[in-house]
Structures are given as C-alpha cells and as structure tokens.
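Here is a friendly briefing to read alongside the structure. Have the model open and follow the topics in turn.

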Amino acid sequence: MIAAADTGLVPMRVGKAVALGDGDGICEYVVLDEMDGDRHLVIGVGHAEAFALDASLQGLQWGRPMTYQFTAALVRSLGGRVRQVRLDRIVEGAYAATVEVDGPQGVGLVDARSSDALNLAVRTDAPVLVSSEMLADCIGRQEGDSAEAALLQRAIAAGPMTVRRASASG
C-alpha cells in the first residue's frame, strides 16, 4: 500500500461530533484531528449523521441495527471490509469521500457523502485520510472574523455532543 504522505493524503481521526447554536437554530459538525499534527478538519453534517456518529464514538448499542451498523454488517456479510475512507475532493462546495472496500471481487471504490463515509469508518475502525487541498480549504475557512470562521472555531473548541438512551421510566 502507498504511504499517505506519498499521495498528498493526511491521516486523521474522527474526534467528535458537536452541536452548536448559531442564532437561527442548531448546526452539527464533525471534527477530525490530524494524527501527527494539530490541524483540524471541520465538516457541517446533518442532525441524524451527527447523532449516529456520536452514538458510535460513545459505543452505544441499540436493540436493532441503526443505519451505519446495518451498512457495516452488510459489507461484512458480503465478504468485504472497509479498507479506508478518503475525504478527497470538494464537489459543489461540499466535502466528498471515497470508501475503499476490499471484497471477493477485489478492491472497489465507492463514492459517498463525507458524513456517511465517516460514520462507516468509525463503525469499522477504518483509517481516515484527508486530501491536503481539502484540509487547506477548511483551515482557510477557519481564519478571519466571518460568521463561518467563528462557528468552525467554536466547533473545534466545543465539547462533544452527548447522545443518551431514554430511560424506560420516562
């Protein structure tokens, strides 16, 4: 396998999901931390994706499989495994991903939304690699005094969301 440094990809880990009030409502983000440095990638995600990611990071189990548990189990049942997740391009302003799956037919590359790919990476313990260009884009958006920069900076500094199971008594 080619080393990440040789491909312009930066090894990162999923650090947390955060929910922040922005004046108009709640915005959810996923924060990735550079493995061998101090840079952060911050990605705006939907509520359901942030909820699922936080639950996975906490190790919460549900009575029935949730979407990403189901997806990971489906890949395994077909004889495959998620080799890695690459956040590798920007499409119409959104961060896009490629999920590399190894299976009986060989290696397949699957296009994905970054939030879905990251949820799958957490569920399968797959490495996450981020393109240098995407990381530079996000760091550039964190700089300055714009409303977006302030939200991204708050996401990095904030504590993680905390998903809890409802108690049986109410």
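Arginine 113 is partly exposed, with 47% relative accessible area. Its salt-bridge partner is glutamate 49, and the closest N and O atoms of the two are 2.7 Å apart. Please keep in mind that this is a predicted model.

**Salt bridges**

- Arginine 113 belongs to strand E6 (residues 106-113) and glutamate 49 to helix H2 (residues 47-58), so their salt bridge ties together parts that are 64 residues apart in sequence.
- Glutamate 49 counts as buried because its relative accessibility is 14%, under the 20% limit.
- A network of salt bridges links Glu49, Arg113 and Asp116.
- Across the whole structure, a search finds 11 salt bridges.
- One of these pairs is aspartate 33 with arginine 13, whose side chains meet at 3.2 Å, N to O.
- That pair links distant parts of the chain, with aspartate 33 in strand E2 and arginine 13 in strand E1, 20 residues apart.
- Aspartate 33 is buried at 16% relative accessibility, whereas arginine 13 is partly exposed at 44%.
- Another salt bridge joins the side chains of arginine 83 and glutamate 100, at 2.9 Å from N to O.
- Here too, distant parts of the chain are linked: arginine 83 sits in strand E4 (residues 81-91) and glutamate 100 in strand E5 (residues 94-103), 17 residues apart.
- Arginine 83 counts as partly exposed at 23% relative accessibility, while glutamate 100 counts as buried at 9%.

**Helix H4**

- Helix H4 covers residues 114-124, and 8 of its 11 residues are buried, so the rest of the structure largely encloses it.
- The buried residues of H4 are Ser114, Ser115, Ala117, Leu118, Asn119, Leu120, Ala121 and Val122.
- Aspartate 125, just after H4, takes a positive phi of about 55°.

**Helix H5**

- Which residues of H5 are buried? They are Met134, Leu135, Cys138 and Gln142.
- These buried residues cover an arc of only 100° around the axis, which puts them on the same side of H5.
- A general point helps here: an α-helix has 3.6 residues a turn, so residues three or four places apart point the same way.
- The cover over the buried residues of H5 includes E1, E3, E4, E5, strand E7 (128-131) and H6.
- Glycine 144, just after H5, takes a positive phi of about 95°.

**Helix H6**

- In helix H6 (residues 147-157), the buried residues are Ala149, Leu151, Leu152 and Ala155.
- Looking down the axis of H6, you will find these buried residues within an arc of 165°, so they line one face of the helix.
- On the face turned away from the buried side, H6 carries the exposed residues Ala147 and Ala157.
- What do the buried residues of H6 pack against? They pack against strand E1 (9-21), strand E2 (26-34), strand E3 (40-45) and helix H5 (132-142).

**Cysteines**

- The structure holds 0 disulfides.
- Cysteine 27 is in no disulfide, and the nearest cysteine sulfur, that of cysteine 138, is 14 Å away.
- That spacing explains the result, because a disulfide requires cysteine sulfur atoms within 2.5 Å.
- Cysteine 27 counts as buried at 19% relative accessibility.
- Cysteine 138 is also buried, with a relative accessible area of 1%.

**A nonpolar patch on the surface**

- Phe70, Leu74 and Leu78 form a nonpolar patch on the surface, and together they have about 310 Å² of accessible area.
- Leucine 74, one of the patch residues, lies in helix H3 (residues 67-77).
- How accessible is leucine 74, and what does it count as? Leucine 74 has 39% relative accessibility and counts as partly exposed.

Notes:
Residues are numbered from 1 along each chain as its sequence is written. This is a predicted model: local features need pLDDT of at least 70, side-chain atom pairs count only at pLDDT 80 or more; totals for chains, interfaces and linings use all residues. Side-chain values use heavy atoms; hydrogens and water are left out. Buried means under 20% relative accessible area, exposed over 50%, partly exposed in between (1.4 Å probe, protein chains only). Helices (H or I, at least four residues) and strands (E, at least two) are DSSP runs, numbered from the N terminus. The arc is that of the directions from the helix axis to the C-beta atoms. Contact means heavy atoms within 4.5 Å. Patches are made of residues with over 30% relative accessible area and no salt bridge: like charges are joined within 9 Å, nonpolar side chains (Val, Leu, Ile, Met, Phe, Trp, Tyr) within 5 Å. Accessible areas come from the Shrake-Rupley method with a 1.4 Å probe; for residues, only the protein chains shown count as cover. A salt bridge is a side-chain nitrogen of Lys or Arg within 4 Å of a carboxyl oxygen of Asp or Glu.
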